[in-house]
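Let's take a walk through this structure, starting with the overall layout and then zooming in on a couple of spots.

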Amino acid sequence: MSAEVQCPAGCGPMEYKTNRNLKIRAFDPLGTVFYLAGLILIANSIEVGSGETNPGVIIGALLFIPGVYLSSLVTTDLSCNTCTGVILESKSIDQKLKGDLLGLSENKAEYIRTALSSSTEDSEHDCPDCGKKMSHIIVPIERERRAYEDPLLPDVIADWTTKSDSVKLDGCKECDLLWFKNAKREQKLSMDTAIIPKT
Ligand SMILES: [Zn+2]
Ligand SMILES: [Zn+2]
């Protein structure tokens with residue numbers, strides 16, 4: 001890509017921003033060990049129906065919380081300060097849009113690249129790289145949501161509900177880039193708890 005990428009929505013040049021994605025796990029030698037050890041300790045220390053806090057839960061949380069931070073994915077993506085639009089390039093597409101470890105859901109990057117190739121709907125914007133019209137797709141997702149929004153509550157003890165949802169995006173299959181109208185859409189699709197169910 002050229003040094004300066006213009007926002008597809010016409011706002012002007014976009015900027016590279018580095019973000020730590022707390023809701024996307026990446027391997028980190030220390031962070032992953034902390035994360036898993038904390039999780040196991042908490043899971044083993046919870047006594048259902050007991051009013052007392054087991055010290056294992058506290059020690060587990062002390063490992064789990066820095067583990068979440070250290071084992072989160074750091075990416076650098078183009079974003080627009082005016083419209084909050086985000087562009088994901090190849091590397092970020094592969095890092096952020098994964099499947100689950102067990103392969104029970106679609107690999108998000110693969111699904112999106114296939115959908116873009118077969119899409120017949122044009123985006124209203126041109127690709128900022130090659131200048132051709134991008135394609136528009138709607139990605140169906142299932143989102144796991146905590147009944148109580150507490151980002152530090154480990155998955156094992158959180159109460160989960162599933163919700164069907166979808167995310168609209170544009171992309172250029174030639175340049176392998178995705179355009180999200182705003183950062184929220186991108187985050188909604190990227191987080192590990194959003195999956196594309198296999199059909
Ligand atoms: Zn913009
Ligand atoms: Zn292009």
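To count the pieces, we need to know what counts as one: helices are DSSP runs of H or I with at least four residues, strands are runs of E with at least two, and both are numbered from the N terminus. With that in hand, the protein chain in this predicted model comes to five helices and nine strands. Reading from the N terminus on, they go β-α-α-β-β-α-β-α-β-β-β-β-α-β.

How much of the chain is tucked away? Of the 199 residues in the protein chain, 28% are buried. As for contacts in the protein chain with a separation of 6 or more, 64% of them are between residues 24 or more positions apart.

Now zoom in on helix α2, which covers residues 55-70. Its 16 residues, at 1.5 Å a residue, should span 22 Å, and the end C-alpha atoms sit 23 Å apart, so the two figures agree. Which residues of α2 are buried? They are V57, G60, F64, G67 and V68. An α-helix has 3.6 residues a turn, so residues three or four places apart point the same way. The buried residues of α2 pack against three elements: β1 (15-25), α1 and β2 (72-79).

One of those partners, α1, spans residues 29-45, and N44 has its place there. Is N44 buried or exposed? N44 is exposed, because just 12 other C-beta atoms lie within 10 Å, and a residue counts as exposed at 12 or fewer. Finally, look across to G56: the residue is 12 residues from N44 along the chain, and their C-alpha atoms are separated by 7.9 Å.

How values were computed: Residues numbered from 1 in each chain as written. Chains lettered and ligands numbered in written order. Predicted model: local features only at pLDDT ≥ 70, side-chain atom pairs only at ≥ 80, totals over all residues. Buried ≥ 20, exposed ≤ 12 C-beta atoms within 10 Å, placed from the backbone. Contact = placed C-beta atoms within 7 Å. Expected span 1.5 Å × (residues − 1).
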